[in-house]
Amino acid sequence: MSQPQIGSSASFLPLPHFFEKEWQVIRHYLTPFATNKSQIHSINDFVRIVKELDQEVRTTSHQFKEDKDLEKTNQYEEELESSTDYHFHNISFLFKKGGDGKGEQKFCTTIFPSIVKWALQVQELIPEGYLPILEISKACELSLTRRQMRSILSCAFLCLFHKRKGMQHPKCHDFEFGLFLSVASSTFLTSLINYFDKHCQLEISSQGEAVLNEIMIIERRVLQMNGVENSLLNDPRTMIPLKFVSGKIQDNLDTLMVDFANCMIGGHVLSGAVAQEEIMFAEIPELFISILVCPQMQPNETIRMVGWRRYSNIKGYIRNMSFEDYEDKQPLVIENVKSNQLIAMDALQGMGRMQFQKDYITRDLLKAVCGFAMHSSKNILQPYTDPSVLSKMNDTIPVASGFWGCGMFGNDKYLKVIQSWMAATICDRPLIYIHTFSPDDAKIEEEFNSKVVPAIVERSVTLGELLSYVLLEFPKEKREYPELTLFEAIKLKFLN
């Protein structure tokens, strides 16, 4: 990588060792724990160490900033804010609830020293000292080995990422891991500790070296289409198969799994929120890396992550969540890349009845097209400047989605099913799964089978015919008959 340039918005994400004076303090403070010359004996010792180190780093940064020769020595030193002005309540009590002490002992004697060692390896693994930002409106990607990601996440766990005035990308999340350790649920925190524990096991496994050399790719996708072209309104293709299934999307292997994302990827996982996206991130901690390098998604953008490894299985939802270990047995497909694929795409939020207007239906339709498009699809995605490893993948796999944007975002389930179905058909996916999550969802499945299947599938209605109706006629009917569902409207249009 070339030396980054600072402009009006940062085009790179500095890692802890980018700041030499601070890194010297970090290495001096942490090395004894990495070499077992110093130990911790409780989770409270961990919290104390993180806070003390943060204070040391801030003191060093402040002194260095006051140096009269600062501008001559390091143009990148900027005033930093504390990353540990938090209570660390939840991590402090993680092992207190009904445990026998063995979990805390294992953390202190095995996991914590390993985390410190992996954090200190970041300078060797990423000598440039920074990660490139996957900039808005540019089709691009970032590849990292599992070993590199482990090192970055170890730095995060030790709260070594700081907010810096003048260096924060205006459309990126603050990487506040101190906040996460303070407010995240015990289930999420247990999942993160499990990630590090499984990496401790990899260190002594015969397969460990191969796994650590595997690669995850974060891809920013940009839609090339400006709107629904007339050719699509006359598209003669019939609709692809749609199948309702129960259970979590991430359990549906060998598919393109849909992350019901916030436009700021990761949603509010760092501030303790619990929704579909946040649960995915807790089960797959490597996804946290995307928060660092992916600015806010625009209406014509999605983010795909390929090659990640899942470490945990979270059952239940919100107050009824529970943790269990997960063994990811998915194979490699190309060049050390695991077959797991996930597409993050954000739906419109809080639109109410406006979501049924043509422009807003089109917006989320094209968002899904941007997510579901294959690299072989012509004239859909903005092409890369450089050849991509992802272009070598066989991505003709089904889509695993559900009622995208229909929970906290408040969208209509009937509309979202049809939008997703049409988008997957436009992109020539072989099949789309719609995952159901509650008993109430059975009604949607029953209505699809009794109304939409006879009207569209059995009558071989084309993509163009369905698309034309949904965009050009249904919005007017919905205004006139507000209680009319899209499934019922489709039945009236094509079956009667």
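This is a short walk through one predicted model, starting at an annotated site and moving out to salt bridges, a strand and a helix.

Okay, so keep in mind throughout that what you have on screen is a prediction. Let me start with the annotation. The UniProt record, an unreviewed entry, gives a "binding site" that covers N262, Q276 and Y317. And where do N262, Q276 and Y317 sit in the model? They are part of the lining of the largest pocket.

Let's take N262. You'll find N262 in the loop between β6, residues 256-261, and α12, residues 276-283. Is N262 buried or exposed? It's buried, because its relative accessibility is 14% and the cut-off for buried is under 20%. If you skip the neighbours within four places in sequence, the contacts of N262 are G267, H268, E277, M297, D346 and F409. There's also a local polar contact to look at: a polar atom of the N262 side chain lies 2.8 Å from the backbone nitrogen of M264.

Now swing over to Y317. That one is in the loop between β8, residues 312-315, and β9, residues 322-325. Y317 has a relative accessible area of 42%, so we call it partly exposed. Leaving out residues up to four places away in sequence, Y317 touches V274, A275, Q276 and I279. Notice Q276 in that list, which the record also puts in the "binding site".

Q276 takes us to helix α12, where it is among the buried residues. How many of the residues of α12 are buried? Eight of the eight, so the helix is largely enclosed by the rest of the structure. Besides Q276, the buried residues are E277, E278, I279, M280, F281, A282 and E283. What do they pack against? That would be α9, β6, α13 at 288-293, β8 and β12 at 341-346. And two names from before come back here: E277 is a contact of N262, and I279 is a contact of Y317.

Right, salt bridges. The structure holds 34 of them, and I'll go through a few. As background, side chains of opposite charge can pair when their charged atoms come close.

The local one is D45 with R48, at 3.8 Å from N to O. Both residues are in helix α2, residues 43-65, three residues apart, or about one turn of the helix. Why does that spacing work? An α-helix has 3.6 residues a turn, so residues three or four places apart point the same way. D45 is buried, with a relative accessible area of 18%, while R48 is partly exposed at 39%.

Next, E104 and K96, which meet at 3.9 Å, N to O. E104 is buried at 13% relative accessibility, and K96 is partly exposed, with a relative accessible area of 43%.

Then there's D197 with K106, at 2.9 Å, N to O. This pair links distant parts of the chain: D197 is in helix α9, residues 186-203, K106 is in helix α5, residues 102-120, and they are 91 residues apart. D197 is buried, at 12% relative accessible area, and K106 is partly exposed at 37%. There's also a network, where salt bridges that share partners join D346, R363, D364, K367 and K416. D346, you'll remember, is in contact with N262.

Let me switch to strands. In a regular strand the side chains alternate between the two faces of the sheet. Strand β3, residues 140-145, shows that pattern: C140, L142 and L144 point to one face and are buried, whereas E141, S143 and T145 point to the other face and are not buried. Which way does β4 run relative to β3? They're antiparallel, with six bridges joining β3 to β4, residues 215-222. If you want a register marker, E141 stands opposite E219 in β4.

Last stop, S38, in the loop between α1, residues 20-34, and α2. S38 is partly exposed, since its relative accessibility is 27%. Apart from residues up to four places away in sequence, S38 touches P32 and F33. To get a sense of scale, S38 and V389 are 44 Å apart in space, C-alpha to C-alpha, and 351 residues apart in sequence.

That's my tour, thanks.

Technical notes
Residues are numbered from 1 along each chain as its sequence is written. This is a predicted model: local features need pLDDT of at least 70, side-chain atom pairs count only at pLDDT 80 or more; totals for chains, interfaces and linings use all residues. Side-chain values use heavy atoms; hydrogens and water are left out. UniProt positions are given in the numbering used here, feature names are shortened, and annotations may be inferred rather than shown by experiment. On a 1 Å grid over the protein atoms alone, a cavity is a set of points where a 1.4 Å probe fits but cannot get out, and a pocket is an open set with protein on both sides within 12 Å along at least five of seven lines; lining residues have an atom within 4 Å of a point. Helices (H or I, at least four residues) and strands (E, at least two) are DSSP runs, numbered from the N terminus. Buried means under 20% relative accessible area, exposed over 50%, partly exposed in between (1.4 Å probe, protein chains only). Contact means heavy atoms within 4.5 Å. A polar contact is a pair of N or O atoms within 3.5 Å; within protein, one must be able to donate a hydrogen and the other to accept it, and residues adjacent in sequence count only if both atoms are side-chain atoms. A salt bridge is a side-chain nitrogen of Lys or Arg within 4 Å of a carboxyl oxygen of Asp or Glu. Two strands pair if DSSP finds at least two bridges between them.
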